[in-house]
Number of protein chains: 2
Amino acid sequence: MTLDPDIASRLKRDPAGLIAAVIQQHDTGEVLMLGWMNDEALDLTLKEGRVVFWSRSRQSLWRKGDTSGHAQWVKSVSLDCDADAVLVKVNQIGLACHTGAKTCFDAGGDLGAIVVDGGGGDKVESDA
Amino acid sequence: MTLDPDIASRLKRDPAGLIAAVIQQHDTGEVLMLGWMNDEALDLTLKEGRVVFWSRSRQSLWRKGDTSGHAQWVKSVSLDCDADAVLVKVNQIGLACHTGAKTCFDAGGDLGAIVVDGGGGDKVESDA
């Protein structure tokens with residue numbers, strides 16, 4: 001299988017041929033992890049029902065859950081406006097992070113950002 | 001200002017010196033966009049209350065909203081387990097995407113993934 005040429009022609013890959021893939025639990029909205037995809041990983045993710053990544057450290061494809069059982073079943077895949085990232089909504093089986101944390105961002109942890117109240121607590125519309 | 005050395009020493013930057021930044025609306029969970037940060041952009045994002053990115057196309061820093069008014073006010077910043085991405089929860093003023101779409105993934109659009117029911121409709125725990 002190869003990636004649909006209409007999709008392939010739109011992608012803006014980095015010098016390593018990759019786009020970023022944001023993985024989000026479809027029902028809770030939780031952002032689980034960020035991975036990388038080359039054309040083949042994206043093609044398999046679109047066609048096989050489970051998320052497939054390209055491992056930058058191992059330089060190989062990997063299907064999430066093949067080792068851990070913690071598969072990610074695809075609900076939808078959307079490309080962003082400049083075509084260098086996809087948002088993949090999934091049903092995550094078990095824990096998303098290989099460290100045993102629920103999400104990879106729980107594992108890495110909070111960086112202590114300073115919160116300024118300039119935006120207000122609620123969504124503010126412009127005064128147009 | 002420079003990035004906290006404890007944070008800087010943890011980052012796993014790409015060959016261009018960048019990490020990925022996933023931007024999520026803090027209350028609705030909607031993933032708004034994905035951008036890129038170098039050390040200075042992350043430092044400013046952590047300290048100034050608004051999200052700052054590195055533009056790969058323009059090779060310069062940009063503070064989201066300076067032109068459009070569509071600022072992103074930071075609620076929290078978390079690093080992931082392998083330190084090549086941050087999740088930034090924000091309060092988005094107005095529309096996130098420069099195309100006029102609500103999110104950059106609305107703008108790029110759905111890629112028509114095949115959905116397989118292998119994971120079931122609900123979250124399934126492993127049988128441990």
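Okay, so S5(A) and S6(A) run antiparallel to each other, paired over seven bridges. To pick out one spot in that pairing, Gln72(A) sits across from Gln92(A) in S6(A). Keep in mind throughout that this is a predicted model.

Now zoom out to the sheet those two strands belong to. It's an open sheet of five strands, and the order goes S2(A)-S1(A)-S6(A)-S5(A)-S7(B), with mixed pairing. Look at the last name in that list: S7 there belongs to chain B. The edges are S2 of chain A and strand S7 (109-110) of chain B, and each of those pairs on one side only.

There's another sheet to go with it. Again five strands, open, mixed pairing, and the order reads S7(A)-S5(B)-S6(B)-S1(B)-S2(B). Here the edge strands are S7 of chain A and strand S2 (31-37) of chain B, each with a partner on one side only. Inside this sheet, strand S1 (residues 19-25) of chain B and strand S6 (residues 85-92) of chain B are parallel, over six bridges. Ala20(B), for instance, has Ala85(B) in S6(B) as its bridge partner.

And how does the strand from chain A join on? S7(A) pairs with strand S5 (residues 72-79) of chain B in the antiparallel sense, over two bridges. If you want to find that on screen, go to Gly109(A), which stands opposite Leu79(B) in S5(B).

So what about symmetry? Turn chain A by 180 degrees, with a shift of 0.0 Å along the axis, and it lands on chain B with an RMSD of 0.0 Å. That's a two-fold axis relation. Both copies use the same surface, too: 100% of the contact residues of chain A come up again in chain B. And which residue of chain A gets closest to the rotation axis? That's Gly29(A), with its C-alpha at 2.5 Å.

Okay, the interface itself. Chain A puts in 60 residues and chain B puts in 60 residues. The size of an interface is often quoted as the accessible area lost when the parts come together. Between chain A and chain B, the buried area is about 4800 Å², and carbon and sulfur atoms give 60% of that.

On the polar side, there are 17 residue pairs in polar contact between chain A and chain B, counting pairs with both at pLDDT 80 or more. As for what touches chain B from the chain A side, the elements giving two or more residues include strand S1 (19-25), strand S2 (31-37), helix H2 (39-48) and helix H3 (104-108) of chain A. The largest share comes from S5(A), with seven residues. Break that side of chain A down by class and you get 27 nonpolar, 20 polar and 13 charged residues.

How many salt bridges cross between chain A and chain B? Two. There's a salt bridge between the side chains of Asp84(A) and Arg56(B), at 2.9 Å from N to O.

Over all chains, the salt bridge count is 16. Here's one inside chain A: Asp82(A) with Lys12(A), where the closest N and O atoms are 3.8 Å apart. Asp82(A) is in the loop between S5 and S6 of chain A, and Lys12(A) is in the loop between helix H1 (5-8) and S1 of chain A, so this pair ties together parts that are 70 residues apart in sequence.

That's what I had. Questions?

How values were computed:
Residues are numbered from 1 along each chain as its sequence is written. Chains are lettered from A and ligands numbered from 1 in the order in which they are written. Side-chain values use heavy atoms; hydrogens and water are left out. Contact means heavy atoms within 4.5 Å. Buried area is the accessible area (1.4 Å probe) that two parts lose on being put together, summed over both. A salt bridge is a side-chain nitrogen of Lys or Arg within 4 Å of a carboxyl oxygen of Asp or Glu. A polar contact is a pair of N or O atoms within 3.5 Å; within protein, one must be able to donate a hydrogen and the other to accept it, and residues adjacent in sequence count only if both atoms are side-chain atoms. Helices (H or I, at least four residues) and strands (E, at least two) are DSSP runs, numbered from the N terminus. Ala, Val, Leu, Ile, Met, Phe, Trp, Tyr, Cys and Pro count as nonpolar, Asp, Glu, Lys and Arg as charged, and the others, Gly among them, as polar. Two strands pair if DSSP finds at least two bridges between them. Copies are superposed by least squares on the C-alpha atoms of residues with pLDDT of at least 70 in both.
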